[in-house]
Amino acid sequence: RRGAMVGNVLSMSSADDSWIVSCPAYSELQDGLVSILTDCLATLQLHSPQLDSLLLNEGVDLAEYPPLFTLSLTPPSVDFTLPPTLATLTTTLSTGLAMMNRLEPHKVGTPSSSSSHSHSHSHSKSIAGVQRKWSLVSLLERATILLLSQATRYLVDPSLQSHDKQVLRKELANELGNFTQGLLLNFARKGAPSPGGTAGQNVFKTPSFTLHDSSSGKTSFLSFSDQGVFMLADIFTKQFFK
């Protein structure tokens, strides 16, 4: 069954992706891959140094934490025999964000005069969308933490040339800057998911940030009650990677 499902998904034309929204097979396959990738990143995170230890110079022995991703931000190759690079993580961020942008915004309101069956179906689709978005947010959090940890490990490594560190800072600032800005816009348009929500509640709450900082003229995170990882990425982009 799984093999047939994968075959059906891969056989569909990539020229028009409008079928993605309404294709159950694609959604099921995609959800499974997101779950697998999230678990893989969580496992890798256990073998990556803690950010606070690296930043506070708490005597982390870098020899105990060999790099998990090679030092490259060139778009990853489809050759699976090659080791993963930092670009694998940045691509995960951009792809995950693109998947979130495809999701319909959560709509809150009173039932219309439509039939109860129609309303029940719509409600089920809404809950599924909420769950799918939260799964993507979890994936993005794992990828962000691992990217920050691995990049910082390179930047504090005394054996890495200063020029290479400077290039890494610049490229990461650009990649993470684009990601955090895109994420802010997504949350502003469609709402930021909360892990504390339930099916009977509004699980999308108004994000506690402003989109425009009048003092600097730039978009910025002011507060994230449930998405602190992304606020940390924004801080790294504007302060540590500059």
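In the largest nonpolar core, which holds 36 residues, Leu 176, Phe 179, Leu 183, Phe 230 and Phe 241 touch the most other members. Keep in mind that this is a predicted model. Besides that core, here's a quick look at the charged pairs, where the count comes to three salt bridges.

**The nonpolar core**
- Five helices each chip in at least two residues of this core: α3 (24-45), α5 (86-102), α6 (116-155), α7 (162-190) and α8 (228-240).
- Helix α6 supplies the largest share, with eleven residues.

**A salt bridge between helices**
- Asp 31 pairs up with Arg 132 in a salt bridge, and their closest N and O atoms sit 2.9 Å apart.
- This one links distant parts of the chain, with Asp 31 in helix α3 and Arg 132 in helix α6, 101 residues apart.
- Asp 31 has 30% relative accessibility, so it counts as partly exposed.

**A salt bridge within helix α8**
- Asp 234 and Lys 238 form a salt bridge too, with 3.1 Å between the closest N and O atoms.
- Both residues lie in helix α8, four residues apart, or about one turn of the helix.
- Asp 234 counts as buried because its relative accessibility is 4%.
- Lys 238, on the other hand, comes in at 37% relative accessibility and therefore counts as partly exposed.

**A buried pair**
- The side chains of Arg 153 and Asp 157 meet in a salt bridge at 3.3 Å, N to O.
- Here both partners, Asp 157 and Arg 153, are buried.

Terms used. Residues are numbered from 1 along each chain as its sequence is written. This is a predicted model: local features need pLDDT of at least 70, side-chain atom pairs count only at pLDDT 80 or more; totals for chains, interfaces and linings use all residues. Side-chain values use heavy atoms; hydrogens and water are left out. A nonpolar core is a set of buried Ala, Val, Leu, Ile, Met, Phe, Trp, Tyr and Cys residues joined through side-chain atoms within 4.5 Å. Buried means under 20% relative accessible area, exposed over 50%, partly exposed in between (1.4 Å probe, protein chains only). A salt bridge is a side-chain nitrogen of Lys or Arg within 4 Å of a carboxyl oxygen of Asp or Glu.
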